[in-house]
Amino acid sequence: MSKIAVYASNLGFAADIAKRIAPKLGIDEVVDVQDIEMSKLNDYDKILLVVSTHAEGEIQRDFNEKIDDFRALDLSSKTVALVGLGDGIGHGETFNNAQGQLYDIAKAAGATLVGSSDPEEYRYEETESIRDGKFPGLVLDVENEDHLTMRRINRWLEEVQSAF
């Protein structure tokens with residue numbers, strides 16, 4: 001079973017989180033989205049995507065540059081877990097929107113998505129990321145709630161480890 005973690009990071013937060021979570025899911029390959037062609041994801045069974053919300057609620061710019069290639073993937077035989085990073089205070093009106101966008105694309109491509117987070121546990125104004133009453137993956141606000149990061153990671157890992 002082949003596994004990969006792909007991150008897209010402006011300030012290094014997503015890179016750090018990907019490198020912390022990947023070993024706990026048995027993932028040895030951790031790659032910056034800038035360094036991989038999206039078509040290479042076809043070679044993996046399990047995919048962890050760690051992406052921050054950028055600017056006005058968009059997918060981080062490096063990942064966004066490859067979004068059409070990501071949309072073109074057939075993920076029907078893949079298990080995908082999402083980790084979204086957001087700033088609930090500085091950008092509370094678009095909190096974690098990128099995660100919802102990636103969820104929609106991966107689901108449309110046929111992926112089996114695993115993991116969720118309770119939106120009631122976060123401070124933010126608005127989000128377009130909630131699906132079926134939950135965030136569709138792990139959500140972290142390392143800028144404002146870093147003291148909760150490890151607890152959130154560990155709880156989410158309990159939910160997704162069996163799928164990885």
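Which residue just after helix 4 takes a positive phi? Gly 110 does, with a phi of about 95°. Keep in mind as you look around that this is a predicted model.

## Helix 4

Let's start with the helix that comes just before that glycine. Helix 4 covers residues 97–108, twelve residues in total. From its first C-alpha to its last it reaches 17 Å, close to the 16 Å expected at 1.5 Å a residue.

Several residues of helix 4 are buried. They are Asn 97, Ala 98, Gln 99 and Gly 100, followed by Leu 102, Tyr 103, Ile 105 and Ala 106.

## Ser 52 and its neighbours

Now find Ser 52, which sits in strand 3, residues 46–54. Ser 52 has a relative accessible area of 12%, so it counts as buried, the cut-off being under 20%.

Leaving aside residues up to four places away in sequence, Ser 52 touches Ala 8, Glu 58, Ile 59, Gln 60, Leu 85 and Ala 98. One of these, Ala 98, is also among the buried residues of helix 4.

## The largest pocket

Ser 52 appears again at the largest pocket, where it is one of the residues nearest the centre, along with Leu 11, Thr 53, Asp 87 and Glu 143. The pocket holds about 310 Å³ of space, and 19 residues line it.

Where does the largest share of that lining come from? Strand 3 supplies it, with three residues. Helix 1, residues 13–21, also gives at least two residues to the lining. Sorted by class, the lining of the largest pocket has ten polar, seven nonpolar and two charged residues.

How values were computed:
Residues numbered from 1 in each chain as written. Predicted model: local features only at pLDDT ≥ 70, side-chain atom pairs only at ≥ 80, totals over all residues. Heavy atoms only, no water. Helix = DSSP H or I, 4+ residues; strand = E, 2+ residues; numbered from the N terminus. Buried < 20%, exposed > 50% of the residue type's maximum accessible area, 1.4 Å probe, protein only. Contact = heavy atoms within 4.5 Å. Expected span 1.5 Å × (residues − 1). 1 Å grid on protein atoms, 1.4 Å probe; cavity = no way out; pocket = protein on both sides within 12 Å on 5 of 7 lines; lining within 4 Å. Points joined across faces, edges and corners; volume = space filled by probe spheres on them. Nonpolar A, V, L, I, M, F, W, Y, C, P; charged D, E, K, R; others polar.
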